[in-house]
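Here are my notes on the model you sent round. Please read them with the coordinates open.

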Amino acid sequence: MKNLLSLFILVTVSLAGRAQALQLNAREYFERQGVNVLVYSNNFNGGFNDEKPRQFKGFKTYDDRGTARFVDPLPIETAHHITLATDQADRMVSISSDAELKLYDGRILAQNGWYVLRSVLPANQTGKVLSWTVEPHAIPGWIREPNIGFSQVGYVPEQPKVAVIELDKNDQPQATASLMRILADGTAEEAFVGAVNNWGPYYKYNYVKFDFTSVTTPGVYYIQYGATRSNDFLIDEHVYDQITDATTDVWVPIRMNHMYVNEGYRTWHGEPFKEGYLQAPESDHFDLHRQGATTDTKYKPLELIPGLNVGGFFDAGDFDIETGSNINVVQNFIRTWELFKPQRDVTFVSQQQRYVDLHRPDGVPDILQFIEHGTLNLVAQAEQIGHMASTLSNSVLDNYHHLGDAASITDGLHYDPSLKPYEVSADGKRSGTPDDMWAFTTRSPRLDQQAATMFAAASKALKGYNDDLAARALAQSKRLKQEADALMNKIAADRQMEADFSWLGSGEQG
């Protein structure tokens with residue numbers, strides 16, 4: 001059975017493998033306009049490609065390496081009728097149109113690209129200019145397989161244990177579910193049978209619950225609900241004992257900026273941003289950062305701010321240093337240290353060598369080294385800038401979506417505007433490539449107050465381990481607290497004065 005759906009799709013444009021000159025019209029759009037639909041990637045899973053056809057705020061999404069040419073992919077196939085996923089009945093779909101359909105592989109431009117189905121809009125026409133007919137292949141009586149939600153970490157014996165089972169709205173709930181215990185020989189036996197209780201609908205699914213709290217015997221288990229089996233999980237007193245190790249042993253050290261990070265045969269990344277950070281000019285940034293007309297520093301726009309390329313942690317999804325996030329991260333490490341004093345040591349960290357090696361103890365608790373690493377960058381900001389930067393971020397959009405080694409985001413050479421783009425100076429220390437990271441320095445007294453609190457706590461945690469850094473952190477804590485409080489008081493006073501004399505502007509008299 002097929003359900004017919006006629007789609008009339010909003011007009012859009014796109015960066016349409018051949019090379020072609022970059023030609024924008026007066027509205028900053030590429031000349032050929034068309035309709036794009038992201039049809040599927042693998043099994044229709046994935047995310048939208050965020051490459052923008054319009055050159056966002058003057059930033060380019062593509063590094064043309066000085067050629068003024070860009071990649072213009074050719075279609076995999078063209079037709080007026082295209083059927084997708086013919087080998088999977090539950091995913092098959094047909095699209096037809098009086099216009100030519102072009103199927104592209106979006107991964108040629110971006111690793112997160114989808115397959116793209118495109119039709120070019122006819123020129124000089126208005127009204128209904130294009131229509132597609134989409135025919136999904138519907139399977140009569142199809143019901144989505146149940147999805148069993150449970151704690152993948154496991155359960156301690158005495159805690160409540162309730163699985164939530166997500167059902168198709170047309171599915172009929174089973175009366176019971178079973179908890180199966182895996183035996184030493186790999187076979188399984190039924191450890192518990194319990195009632196399945198209705199929870200109710202939520203959006204397009206129905207939910208039921210399976211309570212197996214009464215099972216307290218340690219072991220390896222899984223849940224059997226009809227023909228659906230969950231993954232294995234533990235019931236044991238120690239399921240939470242090492243739950244954070246994967247984070248502190250691997251994820252955190254990999255995110256250490258300005259360090260060469262190694263794991264066995266793998267280099268996670270080289271030492272990033274050796275050239276340092278430039279004072280951001282006035283800009284409306286693509287990552288929602290903003291540098292005002294004044295820098296609030298002694299540095300001129302695009303002047304090198306020395307000493308910032310030390311310590312700090314990458315942001316979760318990219319390679320900038322979000323100051324507020326780094327303050328919170330260091331505070332969490334300090335809180336962990338103060339409450340529990342974890343002595344776990346599985347990471348080698350050398351600030352002198354700017355080198356990190358995973359799964360290699362060095363005699364120092366890892367949490368203490370993480371506190372040190374985060375504090376180093378934040379103290380450097382306070383000392384070199386005079387207050388906290390809002391962020392240390394990319395200056396060009398075409399390296400913002402970088403997915404490889406962080407050390408290759410920039411060329412590692414100081415930017416010299418007297419050189420041509422991609423030209424390197426005779427001494428090999430400067431280049432004409434404007435890829436250096438920027439420091440956004442508009443002052444925020446609230447951010448300074450947050451940093452002052454964190455610096456005071458870091459000073460206490462680092463005392464006896466890195467006394468010099470502890471003293472520097474305490475000094476900056478006192479200074480920033482005093483200056484930020486004064487600025488906040490001035491802001492409050494200015495607002496009060498504005499409120500007191502607002503009647504002058506309205507013409508009212510007392």
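The points below go from the whole chain to single elements and side chains.

1. Overall make-up. This is a predicted model. The chain has 510 residues, and 43% of them are buried. Its secondary structure comprises six helices and 30 strands. The accessible surface comes to about 27,600 Å². Carbon and sulfur atoms account for 52% of that area.

2. Strands 7 and 8. Strand 7 covers residues 93–105 and runs antiparallel to strand 8. Four bridges join the two. One pair to check is Lys 102, whose bridge partner in strand 8 is Arg 118. Strand 8 spans residues 115–120, and five of its six residues are buried, so the strand is largely enclosed by the rest of the structure.

3. A surface patch. Val 153, Tyr 240 and Ile 243 make up a nonpolar patch on the surface. Together they offer about 250 Å² of accessible area. Val 153 sits in the loop between strand 10 (147–149) and strand 11 (162–168). Its relative accessible area is 32%, so Val 153 ranks as partly exposed.

4. The five-stranded sheet. This sheet is open, with strand order 23-20-30-27-24. Its pairing is mixed. The edges are strand 23 (304–305) and strand 24 (321–322), each of which pairs on one side only. Strand 20 meets strand 23 through two bridges, and the two run antiparallel. Within this pairing, Tyr 277 stands opposite Ile 305 of strand 23.

5. Gln 279. Which strand holds this residue? Gln 279 belongs to strand 20, residues 277–279. The residue counts as buried because its relative accessibility is 0%. Its side chain still has a polar partner: a 2.8 Å contact links it to the side chain of Thr 441.

6. Asn 326. Helix 2 (residues 323–340) contains this residue. Asn 326 has a relative accessible area of 3%, under the 20% cut-off, so it is buried. A polar atom of the Asn 326 side chain lies 2.9 Å from the backbone nitrogen of Phe 313. Here the contact is from side chain to backbone, whereas Gln 279 and Thr 441 meet through their side chains.

7. The hairpin of strands 25 and 26. Strand 25 (residues 347–350) and strand 26 (residues 355–358) run antiparallel and share four bridges. Val 349 faces Val 356 of strand 26 across the pairing. Four residues separate the two strands of this hairpin. In the turn, Arg 354 has a positive phi of about 50°.

8. Two faces of strand 25. Are the side chains on its two faces buried or exposed? Thr 347 and Val 349 point one way, Phe 348 and Ser 350 the other, and all are buried.

9. Helix 3. The helix takes in residues 366–385, 20 in number. From first C-alpha to last it reaches 29 Å, close to the expected 28 Å at 1.5 Å a residue. Of its 20 residues, 18 are buried, so helix 3 is largely enclosed by the rest of the structure. Gly 386 follows the helix, with a positive phi near 105°.

Methods. Residues are numbered from 1 along each chain as its sequence is written. This is a predicted model: local features need pLDDT of at least 70, side-chain atom pairs count only at pLDDT 80 or more; totals for chains, interfaces and linings use all residues. Side-chain values use heavy atoms; hydrogens and water are left out. Buried means under 20% relative accessible area, exposed over 50%, partly exposed in between (1.4 Å probe, protein chains only). Two strands pair if DSSP finds at least two bridges between them. The expected span of a helix is 1.5 Å times one less than its number of residues. Patches are made of residues with over 30% relative accessible area and no salt bridge: like charges are joined within 9 Å, nonpolar side chains (Val, Leu, Ile, Met, Phe, Trp, Tyr) within 5 Å. Accessible areas come from the Shrake-Rupley method with a 1.4 Å probe; for residues, only the protein chains shown count as cover. A salt bridge is a side-chain nitrogen of Lys or Arg within 4 Å of a carboxyl oxygen of Asp or Glu. A polar contact is a pair of N or O atoms within 3.5 Å; within protein, one must be able to donate a hydrogen and the other to accept it, and residues adjacent in sequence count only if both atoms are side-chain atoms.
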